[in-house]
Structures are given as C-alpha cells and as structure tokens.
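Me: Please take a close look at a single strand in this model, including its neighbours and its place in the core.

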Amino acid sequence: MKNVIPASNLTVRPKAPKKEELELKFSDKAMKELSALLKHYPNKKAAILPTLWLAQREYGGTLSADAMAEVAFHLDRSYAEIEGVATFYSLYNTKHAVGKHLIEVCTCLTCQVCDGFNILKYLCAKLDIKPGETTSDGLFTVHPVECLNACDRAPVLQVGDEYLGPVDTLFIDELIRKLKETPDSTVVKYADEVVQVHLRDVEKA
Ligand code: FES
C-alpha cells in the first residue's frame, strides 16, 4: 500500500475534547491579537470568523477539534456552534490535517475546458497522491476546488494567498521545486495574512 496521508472520511467528525482536558495553545501574541479583534466587534459571537483564522494559524494550519474547542472557550460559545461555522467554509481546514503547502486546483467550468483536470491529474501523479491526500512527508496536500473567481487566468491554482495561472505542466514542476525550498508553511502564512488584514481594519476603525 502507498505511504500517503489519506483524505478524511467526511462522515466522521473529530470529537470535541472534554472541558477538563482542554489545553489552551494560543500564544501571548495571539491572545493580544484576539483582544484587539474583540474590541472591533459588538459581541464575541461576531468575532468567530477572524478567531478561527487565528486558531488556524496557531494550530499549524489545521482547525483540529482542540483548535475549535479553544475558539469556543475564548468566545464563550458552544463547541457545536464553532464547529458548525468552521465546517461551513472550505477555507478553514477542518476535514483533515493538511500538509505544509496546500495546492488547490480549480476544476470548475472555465478551468475544466482549459485543461484543469489534466493539471490536477499531472500534479497528483507527480506527488504520487490522489486528490485530497497528503504526501507521506507532510509537505503537500492537493484539493480540487470550485471556481476561484480568476477564470481569465484559467487553468488556475491557489497556493496560500496567491492565484497562479494560467499554469501548465512545466509550471507545476517549477512550483513543486520552489515549494520544497520554501522554509515556512504557506498554509500558516496565509492564515496569518488574513488575521493581519482583520487587525488593520481594527486599527483603521
Ligand atoms: S473556473 Fe477556474 S477560476 Fe473560475
């Protein structure tokens, strides 16, 4: 059997940790950012989305059950409510732990007619994984996604906050080479960038 980290079984949700087992992991920096964010919103419930981004950064790119429980704790909400919000949006990585770099491949209509499926196939073959899986070294996860709203650049990929396109197989080879040499996780970096955008809005208000 191939040595990869499989895509999750979507029918199984991670279990919330018991209250007494909850280990809070937000750093001092994150706690300061959280209190700045909270000043910007009328109540804690309204701050769920940016706090989830904060948690995604603090927990290394994935919103595990522990991460969602910590968000619930800081915002005085139930775990079910936080999980319900987090799992609604595909930008939060709740289904399974993603690799250091998440490559999202658009396979929606425009990208599809511009070779999007072949790009997905080539990328997966190159990394020796199936869509949704993570390479055994934890470096790459590949997800097919719906329209990235950059159809004029089809076929398009998203890595972190970057839209890349139009891409071809040579571009993919070069992208993988570059990402292997990238020291920081593009998934964590992206989460941090979203947090910083929220904080800039807070400062401006
Ligand atoms: S169809 Fe791929 S970006 Fe719109």
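**Strand β2**

Reply: L102 of β2 stands opposite T141 in β4. This is a predicted model, in which local features need pLDDT of at least 70 and side-chain atom pairs count only at pLDDT 80 or more, while totals for chains, interfaces and linings use all residues. Residues are numbered from 1 along each chain as its sequence is written.

Strand β2 covers residues 101-106; strands here are DSSP runs of E with at least two residues, and helices are runs of H or I with at least four, numbered from the N terminus. Six of the six residues in β2 are buried (20 or more other C-beta atoms within 10 Å of the residue's own, against 12 or fewer for exposed and in between for partly exposed, with C-beta atoms placed from the backbone). H101, I103 and V105 point one way, and L102, E104 and C106 the other. In a regular strand the side chains alternate between the two faces of the sheet.

β2 pairs with β4 (residues 140-145) in the parallel sense over six bridges, and with β5 (residues 157-159) in the antiparallel sense over three bridges; pairing requires at least two DSSP bridges between the strands.

V105 stands opposite L157 in β5. The contacts of V105 include L157, V142, I119 and L123, not counting residues up to four places away in sequence (contact: C-beta atoms, placed from the backbone, within 7 Å).

V105 is also among the residues with the most contacts inside the largest nonpolar core, which has 41 residues (buried Ala, Val, Leu, Ile, Met, Phe, Trp, Tyr and Cys joined through C-beta atoms within 7 Å). Elements giving two or more residues to this core include β2, β4 and α6 (116-127).

Terms used. Contact = placed C-beta atoms within 7 Å.
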